[in-house]
Amino acid sequence: MELSQATIDEIKLQARNGKTIAQIGKELKVDYWEVWNYAERSWQGTKWIITNRLNLLAKENDPETRVRLAKEANECVGYLFDQGKRMGSQIDRARKTLNE
């Protein structure tokens, strides 16, 4: 199924706003894997990846694998930080608009 650019944009917007792939698919009536192809990481999915990598890291003995897992977790933490800053800016702009 070929998605319209408007649908792809809506998928990306909803993912940035914290909706899960399943929620987006249900709301837009789009197959889960189609949404997955276009959605940025969700906050919940990113949290799951971090938790998974930390659990694996705690059990891993190979130094190279430990470095890779730590790097992946760090990238996800950076993603959440950047998204949090962006959302904070959006909230500040909305508050300023409402108070004018």
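**A surface patch, a core and a long-span helix check**

I would like to begin on the outside of this structure, where Tyr32, Trp33 and Trp36 together make a nonpolar surface patch of about 390 Å². Please keep in mind throughout that this is a predicted model. Of the residues in that patch, Tyr32 belongs to helix α3, which covers residues 32-38, and because its relative accessible area is 39%, Tyr32 counts as partly exposed.

From the patch we can move towards the interior by way of Ile21, which, leaving aside its neighbours within four places in sequence, is in contact with Tyr32, Val35, Trp36 and Ala39. Ile21 is also part of the largest nonpolar core, a set of nine residues made up of Leu3, Ile8, Ile11, Ala15, Ile21, Ile24, Val30, Val35 and Ala39. The elements that give two or more residues to this core are α1 and α2, the latter running over residues 21-28, and the largest share, three residues, comes from α1.

Let me turn now to helix α5, residues 63-99, where we can ask how its expected span compares with the distance between its end C-alpha atoms. At 1.5 Å a residue, the 37 residues of α5 should span 54 Å, and since the end C-alpha atoms are 54 Å apart, the two values agree.

Which residues of α5 are buried? They are Thr65, Leu69, Ala73, Cys76, Tyr79 and Gln83, and the buried residues of this helix pack against α1, residues 5-16, and against α4, residues 43-59. Helix α1 therefore appears twice in this account, as it gives three residues to the largest nonpolar core and is also packed against by the buried residues of α5.

Methods. Residues are numbered from 1 along each chain as its sequence is written. This is a predicted model: local features need pLDDT of at least 70, side-chain atom pairs count only at pLDDT 80 or more; totals for chains, interfaces and linings use all residues. Side-chain values use heavy atoms; hydrogens and water are left out. Patches are made of residues with over 30% relative accessible area and no salt bridge: like charges are joined within 9 Å, nonpolar side chains (Val, Leu, Ile, Met, Phe, Trp, Tyr) within 5 Å. Accessible areas come from the Shrake-Rupley method with a 1.4 Å probe; for residues, only the protein chains shown count as cover. A salt bridge is a side-chain nitrogen of Lys or Arg within 4 Å of a carboxyl oxygen of Asp or Glu. Helices (H or I, at least four residues) and strands (E, at least two) are DSSP runs, numbered from the N terminus. Buried means under 20% relative accessible area, exposed over 50%, partly exposed in between (1.4 Å probe, protein chains only). The expected span of a helix is 1.5 Å times one less than its number of residues. Contact means heavy atoms within 4.5 Å. A nonpolar core is a set of buried Ala, Val, Leu, Ile, Met, Phe, Trp, Tyr and Cys residues joined through side-chain atoms within 4.5 Å.
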